[in-house]
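Could you walk me through this structure in plain words? I'm new to it and would like a guided look at how its parts fit together.

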Amino acid sequence: MQLKAILTKIGAENTFDVLNIYWENSVATLPKNGPAFLKPREIVRNREWGGLAEEADKKLLTAAAKIVEDPGLEALAWHCYRLLFQHTDYNQMTKWPSMDGALGELGSAFYLLVAMAMVPKVQEVHKKMGVDPQITRDTCQQIACFAGNYYHMTGGRLGIAFSQIFWLRHYVAGRLFRLGRFEYMLRSFNSNIKVYRHRESGHVLALAPDGVRYNRDGFVDGTAGVEDTKYGWTSSLSEDDEAVFGFPFSPLGYTVKNKVLLSKQSWECVLKQGDTTLDMHIPAGGSMSLAQCKDSMQKAAPFFEQYFPDEPFKSISCPSSWVFNPQIQQLKLSSENLARFQQELYLFPAPSSGQDGLWFIFLQDDFELDSAPRKTSLQRAVADFIEEGNMWRGGGMFFLTQDLPRFDKKPYQSRWPSLKNVLSIHEGATD
């Protein structure tokens, strides 16, 4: 079966190099009775576990029928399935061809059918681990989240964005789990900040990395290529046998230009680059009440302690996301949930492009202010904020698991004023 002929037939011959890798292997392993994920019973089951509405069945089943009628399309679907789930070294999913030439308005369902094939794989790995079936079901429902994104970005089509397909590998690997409102996976903390806790008072203080340039307001300089040449400054971080010297992050998400000394006798480093952490991800859709956030985080820590006992961790974190941009505190949203959630965390500045998270907010491949949808209060608030001339940023956060009993009491931000007094931190200092 010739890949070039199949691609030429659907008008996608220019993607031959993208799909040629492992093609012969896929052809050799194609099941005689066709891929299971294209069988009606399997489609309905995967759709239901993936959280899609029953009304999607008609289009999914029609698309699958058209695929299996054409041996070339069937082989191509099997090949994409194997590239995604078997050949994890492959990373060219964003270059896969449109299937509209072969399936018309059902073309986008082609890749959604492939994506939905993750369901039995996730079920299998979770069953071997002994994971609660409800957690398995919740985890699989990321398919509906991705399909929802695609629906809104395309004006109502059934499918999945190429840019999100790779993410499904994390679920199949048994590393990423949805626990309540949020998803988590164990990863190395890849931010080069350092976090310290006072051994007696329990105060927590994060220090900026060495050699990072910040602007006048304490955010990483150079967002969207704009540099603060007049007031920008560069942080330093050093230590000797007795103390650590550096510039603190306010838990409100900015850097203070006031160097501090932390005695090693009194302060213990509790989080640094390379430490294992629970990496948090926030699926689209659903509210984010403080009760939901607390419930999720308090479920996550014991879950990973139980199922991954050989990978101890002390924190829940996210090194960079639009969700942890402190500018959200300035937006006029219909709900205070997101702002209130931020107040429970230790926020810190992260490098930003000026486009951070705009894809997730507006679902435009290339953000354009004039054409950006303003259907939700978040879309309206962010668009207005940018239109007023503000530079949009991202931000990072961490929350130490030791502090989970104090979640909903603002454990870091509420103690910031007293910590500033103890360490003689003066906002806006020049030395």
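Let's start with a pair of helices in this predicted model. Helix 5, which covers residues 57-69, and helix 8, which covers residues 109-116, have axes that come within 10 Å and cross at roughly 95 degrees. Because of that angle, helix 5 counts as roughly perpendicular to helix 8. If you want to find the contact on screen, look for L60, A63, A64 and I67 on the helix 5 side, facing A109, F110, L112, L113 and M116 on the helix 8 side. Sort the residues of this contact by class and you get nine nonpolar, no polar and no charged ones.

Now try another pair. Two packed helices are described by the angle between their axes and the distance between the axes. For helix 4 (residues 40-49) and helix 9 (residues 118-129), the axes come within 9 Å, and the crossing is roughly 65 degrees. That makes helix 4 roughly perpendicular to helix 9. Here the residues that meet are E42, R45, N46 and W49 from helix 4 and V119, P120 and Q123 from helix 9. The class count for this contact reads three nonpolar, two polar and two charged residues.

On to the strands. Six of them make up an open sheet, and reading across it you pass strands in the order 1-2-12-13-15-14, with mixed pairing. Which strands stand at the edges? They are strand 1 (177-179) and strand 14 (346-349); each has a single partner strand, so one side of each is left without a neighbour in the sheet. On average, neighbouring strands in this sheet are turned by 35 degrees against each other, direction ignored. Within the sheet, strand 12 (residues 276-281) and strand 13 (residues 315-321) run parallel and are joined by two bridges. To pick out a bridge by eye, find L278, whose partner in strand 13 is I316.

There's also an open sheet of four strands, in the order 9-4-3-11, and its pairing is antiparallel. Strand 9 (248-249) and strand 11 (267-272) stand at its edges with a single partner strand each, so each has one side without a neighbour in the sheet. Strand 4 (residues 204-207) runs antiparallel to strand 9, and two bridges join them. One spot to look for is A206, which has F249 in strand 9 as its bridge partner. Then look for helix 18 (residues 416-423): this helix lies across strand 4, strand 9 and strand 11, and runs at about 70 degrees to strand 4.

Next comes a hairpin. Three residues link strand 7 to strand 8 in this hairpin. Strand 7 (residues 237-239) and strand 8 (residues 243-246) pair in the antiparallel sense over three bridges, and S238 stands opposite F245 in strand 8. Strand 8 also pairs with strand 10 (residues 260-263), again in the antiparallel sense, over four bridges. There, A243 stands opposite S263 in strand 10.

Finally, let's look at the empty space. Rolling a probe the size of a water molecule over the atoms shows where empty space is left. How many cavities of 30 Å³ or more does the structure hold? It holds one, and about 40 Å³ of space lies in the largest cavity. Its lining is made up of H203, V204, P251, Y346, P411, Y412, R415, W416 and L419. Those lining residues divide into seven nonpolar, one polar and one charged. You've already met the elements some of them belong to: V204 falls in strand 4, Y346 in strand 14, and W416 and L419 in helix 18.

As for pockets, the second largest one contains about 300 Å³ of space. It is lined by 13 residues, and the closest to its centre are L52, E55, A56, Y151 and L158. Which helix gives the most to this lining? Helix 11 (residues 142-153) does, with four residues. By class, the lining of the second largest pocket has seven nonpolar, three polar and three charged residues.

Terms used
Residues numbered from 1 in each chain as written. Predicted model: local features only at pLDDT ≥ 70, side-chain atom pairs only at ≥ 80, totals over all residues. Heavy atoms only, no water. 1 Å grid on protein atoms, 1.4 Å probe; cavity = no way out; pocket = protein on both sides within 12 Å on 5 of 7 lines; lining within 4 Å. Points joined across faces, edges and corners; volume = space filled by probe spheres on them. Nonpolar A, V, L, I, M, F, W, Y, C, P; charged D, E, K, R; others polar. Axes fitted to C-alpha atoms, helices over the stretch in contact; angles between N-to-C directions. Parallel < 35°, antiparallel > 145°, perpendicular 65-115°, else oblique. Contact = heavy atoms within 4.5 Å. Pairing = 2+ DSSP bridges.
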